Amino acid sequence: MAFDQKNYRDQVLKPLAANKAVQASIQRATREIAEASQPPARTQALGLVDLAGLFAVETSFDSAGLEQHFRSVEALLNKAGQTNPGAAMLSRLLAAIKGASLPYTEPGFWQQLGKISQQAEQARLKAFGVALGKEYSTLRVITLAELRESARASGIPPSVSDKDLTAIAKTNQVDVVKEFEPPSVTLPDQLRRLNLAFRSIMDVVLYHEPDPVKRSNFQIIDTLRCAGQAVTVDDLTKTRNRTNQTSDDVTEAAKKAVISLQGVANGNAALQGVVLAWFVAFAQNLTRQGMMLVSAMETLTRTGLDPLDARRLLAKLGGTASGSSLADVTEKLASGALAEARRLLDAILGGTKPETPEAEAAVKAVSQAETKKANLIAAYQKALAAQDFPAAEDALTQARGIDREDDRLVTWAAQLPPPAPSNLRVALTAEGGAALSWRASPDPATRYIIVRSEGRAPVNPADGTRLAAKKAGGSFIDQHPPVAKPLVYGVFAFRQAGQYSLPATAQATLLPPVRDVAAMTNPTSVALSWKLSAGASTVRIKQTSDAAVQDLGSLTGTSRTVDGLKGGTPYAFTLTVQYRLPDGRTAESTPVTVEATPRGAANAVTDLKVVQAALPDGRPGMMASWQAVTGFAVELWSLPLDETCPAGVWVTRDELAERDGKQVTGALERTGQDERLRFYPLRDVRRIVALTIDGAKGLVGASAIAGSAPPPSEVEAIRFGQDIRVTFRWPHGDYAMRVAWHGGSGAKSVRVERDTYDRGNGIYITEAVDVAAVTVATIASVAGQDYIGGSVRIRLEALPQVVSYDLKLPRGMFGGRTVNVEAVSETFRGVGQVLAVVASGPTMPVNPSMGRLIGPLKLHLRDGGPAEASFDLPSTRSPYWVRLFAEPGSPFVLQDPPIRRMKG
């Protein structure tokens, strides 16, 4: 197909001359092709532009057709480049493609480029959406025409559909809305100056609705609706009717406003136009006052206006961002957006030379940033060739600070190896393996290659035996390493699809000791067995007993029986593996020691006794004694009394612990076959059990009872009248309780069983007015013997004892001068002394100092009757009073008779 020059000029060159964004993309692609060091990166750079569209390449072209087509295109570009800046840019781009030796005359190249262009277009669309979100971050609305223009200016090709543009805007929280024109309506003065009681004209229209909430959330641009319902002229009629029913200032203002509305709104469409015109005027007034868009939007929505309509209204009135300027270029540079800065600068200058100092400064700043970035890329490539990976990473980091949109920098950084691992260590495992550990990278994408060599350090991941290829974390176990050979481990770090780091290395000559050592005992011998790693030569055995060391020699097997030993005597056997090194020398492993005591079968202790005895420091304690079991250790364990442990049964320590068992510890003494253990007294009464220990188990032997019962807890004694209720929490175990109390009548106690306590929900002490203290103690009964354990004492305030008395005063002229006293008490028994007070006048004495004292009088209070006393009344003028008072310190208080009985 012949090349159509006119069509190419009209469809490509003319639109390009006016599109600064595409021009900037062409210039960027030209620069990056020149800077790229590898063919894939050069091809990737071409994804910045629609190369097939710019050069009018069709999918039907074969190799010959492409060669002929590009000869024609190149000839036209050379001719048109003198007058068309876009043609000159395409000419330079084609020269860069040729210089990079890209196969642009091969159909496969264009197929590959189509995929790259599609990916790049998606990336540009995504970046455009992010920029759009930032540009319209305040009002977040844009019309479709404005969106199309912004996309064109940003280099988005027309092939991107309206649906895709709308979706990318919505993703970045920008709503694509319909265009609307403010109505040409002249508002009456009555509507321009609404009463301050109304938020907006809609409060007038819907005045018939008294609830302000139901007059909110209304729309005015595409439709006139409130709370989902259409607002019509019928609402004006309803409002007019309401204003005719009441009369106040606000209602009168509403009436005048609705009359004006009815005069200009003769239909629903006209009503919407008036309302929209009112809000347009209101919003214009806000913006003229210099109010910020955010504040203006909040003011509009406070009237009840739908937030989207508020944003559309302000956007229509010019609330969008202004065009780009040279200041934006400087700002982009400062934020590390070099590509954006270049695009803006090229778009502002339009291919012309800078004519102002500001423009010259911007051109210089962008050029210097591009030069610095190019120098840093060169430094990166130089450091990469020298395997100086930290310097290469530093150069890329600085370059990314200049141009954060250059995806090549991110790709190159990802291809750099991470830092070499540090602190590599090798340790021998119990199974004879080699455990490697190193300080892992905090980057979760880092993986490790582990290599093992003999005699020298591996220089790359293929130099030796590769043990792991994609190991994560900072540890690895070489399960079957060669033994007795000089090994060098290397750990290389890498990221996915990236280079590997220099290795961390560690040397090790592994000499595994014996493992799984076992010692089987007989009365006079010990049979030893063990396992060896491959490569071991011999095993050397040493025997130690009572500080005497005996060399038993070396052998090549995995077992040895040592005879002629003394039963019950502990022996230690040390096993060392000997290895033959490659140079002929002999090396030894770390020694392994096993202890064994020749002995027969375990026997249970049958003669355990526990008595009170002094401790080594002289303090009181306990002593357990038993006959030693030859070849075995004996442990004492204490259990609660209600836990049984039959003799002759094998148990583990864990099983005893689960039953609240505790090992008894103290000072162990041995005299011949007699063993004794002195220990501190137990806090409660427990069963002491002797265990003959054999490995992890113990053979239960005899038991004994020892200790003291634990005290109760939460003890309370509360008075209820003349009685006392005693409650407490029983300690764990099979115990009874002893409750004792003490009062004026002496001490008493009672033994309490648990069922008795439970039936009464406590213990009651009756007629306890004189009880001053209650003591609760634990009783442990074992084999008919009671052990009185810890106790808790509760002190009580004693109830005062009351003595009532009556007086018989002399009456009349011949009544004599004797005063008779009669006293009774329900609780007090004994002799009580009182004082009589005689006082003249109208006031009854309230203490002994207010009259003449007579006495003391003795009152003998006994069971079965009152106490009587008398005294002569001294000469006293009437009226007079007689009153009795208890002497200080008396165990009772006096209760007076009626007042008339004390007055004479």
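**Methionine 623 is bridged to arginine 678 in strand β27.** In this predicted model, local features are given only where pLDDT is at least 70 and side-chain atom pairs only at pLDDT 80 or more, whereas totals for chains, interfaces and linings use all residues. Residues are numbered from 1 along each chain as its sequence is written, and side-chain values rest on heavy atoms, with hydrogens and water left out. Strands (E, at least two residues) and helices (H or I, at least four residues) are DSSP runs numbered from the N terminus, and two strands are taken as paired if DSSP finds at least two bridges between them. Strand β22 (residues 620-627) runs antiparallel to β27 (residues 674-679), and six bridges connect β22 with β27. Strand β22 also pairs with β21 (residues 609-614), again in the antiparallel sense and over six bridges, with glutamine 612 partnered by methionine 622 of β22. A hairpin is formed by β21 and β22, with five residues between the two strands, and glycine 618 in its turn has a positive phi of about 95°.

**An open three-stranded sheet has the order β40-β39-β42, with antiparallel pairing.** The edge positions are held by β40 and β42, each of which has a single partner strand, so one side of each is left without a neighbour in the sheet. From one strand to the next the twist averages 30°, where axes are lines fitted to C-alpha atoms, for helices over the stretch in contact, and angles between N-to-C directions run from 0 to 180 degrees. Strand β39 (residues 830-840) is joined to β42 by seven bridges in an antiparallel arrangement, with valine 834 standing opposite alanine 886 of β42.

**Two cis peptide bonds precede proline 856 and proline 879.** The bond from glycine 855 to proline 856 has an omega near 10°, and proline 856 belongs to strand β40 (residues 852-861). For the cis bond that joins serine 878 and proline 879, omega is about -5°; proline 879 lies in the loop between β41 (867-872) and β42 (880-886).

**A second open sheet of three strands follows the order β6-β7-β10.** The pairing is antiparallel, and β6 (422-428) and β10 (475-478) each have a single partner strand at the edges, so one side of each lacks a neighbour in the sheet. Neighbouring strands here are turned by 15° against each other on average, direction ignored. Strand β7 (residues 434-439) runs antiparallel to β6 and is joined to β6 by five bridges, with leucine 428 and alanine 434 as bridge partners.

**Helices α1 (residues 5-18) and α5 (residues 63-80) cross at roughly 65°, and their axes come within 12 Å.** The crossing is right-handed, meaning that the near helix is turned clockwise from the far one by less than a right angle, while an anticlockwise turn would make the crossing left-handed. The contact (heavy atoms within 4.5 Å) is made by Gln5, Tyr8, Arg9 and Leu13 of α1 together with Val73, Leu76, Leu77, Lys79 and Ala80 of α5. These contact residues divide into six nonpolar, one polar and two charged, where Ala, Val, Leu, Ile, Met, Phe, Trp, Tyr, Cys and Pro count as nonpolar, Asp, Glu, Lys and Arg as charged, and the others, Gly among them, as polar.

**Positive phi values are found at alanine 56 and glutamine 387.** Most residues other than glycine have a negative phi. Alanine 56, with phi near 55°, sits in the loop between α4 (51-54) and α5, and its relative accessibility of 27% makes it partly exposed (buried means under 20% relative accessible area, exposed over 50%, and partly exposed in between, with a 1.4 Å probe and protein chains only). Glutamine 387, with phi near 60°, is placed in the loop between α19 (357-385) and α20 (389-402), and it is likewise partly exposed, at 44%.

**Helix α16 (residues 307-316) is largely enclosed by the rest of the structure.** Seven of its 10 residues are buried, namely Asp309, Ala310, Arg311, Arg312, Leu313, Leu314 and Ala315. At the start of the helix, a side-chain oxygen of aspartate 306 comes to within 3.1 Å of the backbone nitrogen of leucine 308.

Note on methods. Polar contact = N/O pair within 3.5 Å; in protein donor to acceptor, adjacent residues only side chain to side chain.
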